[in-house]
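Let's walk through a structure together, one feature at a time. Have the sequence and the model open as you read.

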Amino acid sequence: AKSPVRIAVTGAAGQIAYALVFRIASGALLGPDQPVILHLLDLPQMQGALGGVMMELEDCAFPLLAGMVATDDPKVAFKDIDIGFLVGARPRGKGMERKDLLGANAEIFTVQGRALNEVAKRSARVLVVGNPANTNAYIAMKSAPDLSPDCFSAMIRLDHNRAASMLAAKAGVNVGDVGKLIVWGNHSPTMYPDYRFAEAGGRKLAEAINDEAWNRDVFIPTVGKRGAAVIEARGASSAASAANAAIDQVRDWVVGSDGRWVSMAIPSDGSYGIPEGIMFGVPVTTQGGVVTRVPNLAIDAFAQSRLDITLNELKEEREAIAHLLA
Ligand code: NAI
């Protein structure tokens, strides 16, 4: 039998984790023959609720669940982990400004980055879901100088999946057939969902749809505001679809995307005019844990203007927390 893989989930008593940990333990992440040990991190006052989640995990009798650790200490949570889902974050409180939100999260992700640096496996793959996800991932990466920057990514897959579904509905194709779709930039309403290269069944979707006004006035803003629309409808933020996207992104990362393009926010190598190190959603293919950017795509004037908007937001976020990294 395979030896178990250690997987940390932070914010483990929260609602995304409630949709995530059961799927990890069922084999949805790493397949039906890979045992897992869950390392569950949440705040001290959430340990009681976390105990309840663990009771339910036991009650599922998952054959692949080889163990569980519950803790409020990041150094315990990240000890020897292969995979980390950094979901827990400080939500925006009443009257809290963006700057304060960035600062509060910078503190959390500095501490967690340092803990990862100290105790995680050197090959660990760490996905940051907690918002502001790209900048939190940047902070964790910068706080873990002994880990390769390639160990870190931020979740842009929910936006990618939202865009794929909307595109498939518009073009009248199966969402599973949509390829070469990209979401660029920040996981925020400034992201740029880009279907200029997208295809399904050998057909170019941009040609099939052939409606630039729909792209600009409907598609891009609707994808950008989808999170808010779910909150409005459900009275709670997207949790199941966020957990699903986290599974998709990490599965593709560690298992491989089989030649398919997927969007991941990864530290920039300077290509596409994005300054090095910024966590930016780009199209990638993945194989054997290695992520490769899709290079040299044409960027027309409209695409460039969208890239600039989301890049400027990320630069501002980086500047707002720079003093905390010194
Ligand atoms: P939630 O509020 O239900 O759960 C968050 C959990 O994190 C709570 O149990 C809380 O106690 C815990 N937590 C807070 N600070 C922590 C710390 N320092 N260490 C460990 N645990 C900590 O929130 P939910 O719905 O699960 O969302 C979690 C995060 O994911 C939020 O920041 C949300 O904005 C973000 N999100 C990101 C998406 C993306 O596409 N990147 C999509 C949807 C949500």
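What follows is a dialogue on annotated sites, contacts, cores and empty spaces.

Q: Before we start, what kind of model is this, and how are residues numbered?
A: This is a predicted model, in which local features need pLDDT of at least 70, side-chain atom pairs count only at pLDDT 80 or more, and totals for chains, interfaces and linings use all residues. Residues are numbered from 1 along each chain as its sequence is written, and side-chain values use heavy atoms, with hydrogens and water left out.

Q: Which residue does UniProt list for "active site"?
A: UniProt positions are given in the numbering used here, with shortened feature names, and annotations may be inferred rather than shown by experiment. Here the unreviewed entry gives His 187.

Q: Where is His 187 found?
A: Helices (H or I, at least four residues) and strands (E, at least two) are DSSP runs, numbered from the N terminus. His 187 sits in the loop between strand E8 (182-184) and strand E9 (192-194).

Q: With which residues is His 187 in contact, leaving aside its neighbours within four places in sequence?
A: Contact means heavy atoms within 4.5 Å. By that rule His 187 meets Asn 131, Asn 134, Met 155, Ile 156 and Asp 159, once neighbours within four places in sequence are left aside.

Q: Asn 131 is on that list; where does Asn 131 lie, and what does Asn 131 touch?
A: Asn 131 is in the loop between strand E5 (125-128) and helix H5 (133-142). Not counting residues up to four places away in sequence, Asn 131 touches Ala 89, Arg 90, Asn 105, Asn 136 and His 187. The unreviewed UniProt entry also places Asn 131 in a "binding site" annotation, with Arg 92, Arg 98 and Arg 162. These residues are spread over 71 residues of sequence and also in space, up to 25.0 Å between C-alpha atoms. Another "binding site" listing in the unreviewed entry includes Asn 131 along with, among others, Gly 14, Gln 15 and Asn 105.

Q: Why is Asn 131 classed as buried, exposed or partly exposed?
A: Buried means under 20% relative accessible area, exposed over 50%, and partly exposed in between (1.4 Å probe, protein chains only). Asn 131 is partly exposed because its relative accessible area is 38%.

Q: How do Gly 14 and Gln 15 compare with those cut-offs?
A: Gly 14, in the loop between strand E1 (5-10) and helix H1 (15-26), has 29% relative accessibility and so counts as partly exposed. Gln 15 belongs to helix H1; its relative accessible area is 36%, so Gln 15 is partly exposed. Not counting residues up to four places away in sequence, Gln 15 touches Arg 234, Ala 236, Ser 237 and Ala 239.

Q: And what about Leu 101?
A: Leu 101 is placed in helix H4, and it counts as buried because its relative accessibility is 12%. Leu 101 and Asn 131 are 30 residues apart in sequence and 9.2 Å apart in space, C-alpha to C-alpha. Arg 92, in the loop between strand E4 (83-86) and helix H4 (98-119), is in contact with Glu 97, Arg 98 and Leu 101, leaving aside neighbours within four places in sequence.

Q: Which residues touch the most other members of the largest nonpolar core?
A: In soluble globular proteins, nonpolar side chains tend to be buried together. A nonpolar core is a set of buried Ala, Val, Leu, Ile, Met, Phe, Trp, Tyr and Cys residues joined through side-chain atoms within 4.5 Å. The largest one has 77 residues, and Ile 7, Ile 24, Leu 57, Phe 85 and Leu 167 touch the most other members. Apart from it lies another core, of 30 residues, with Val 119, Val 128, Ala 144 and Met 279 among them.

Q: Which residues line the largest cavity?
A: On a 1 Å grid over the protein atoms alone, a cavity is a set of points where a 1.4 Å probe fits but cannot get out, and lining residues have an atom within 4 Å of a point. The lining here consists of Asn 134, Thr 135, Tyr 138, Ile 278, Met 279, Leu 314 and Arg 318. H5 and helix H11 (301-325) each give two or more residues to this lining, and H5 provides the largest share, three residues.

Conventions
1 Å grid on protein atoms, 1.4 Å probe; cavity = no way out; pocket = protein on both sides within 12 Å on 5 of 7 lines; lining within 4 Å.
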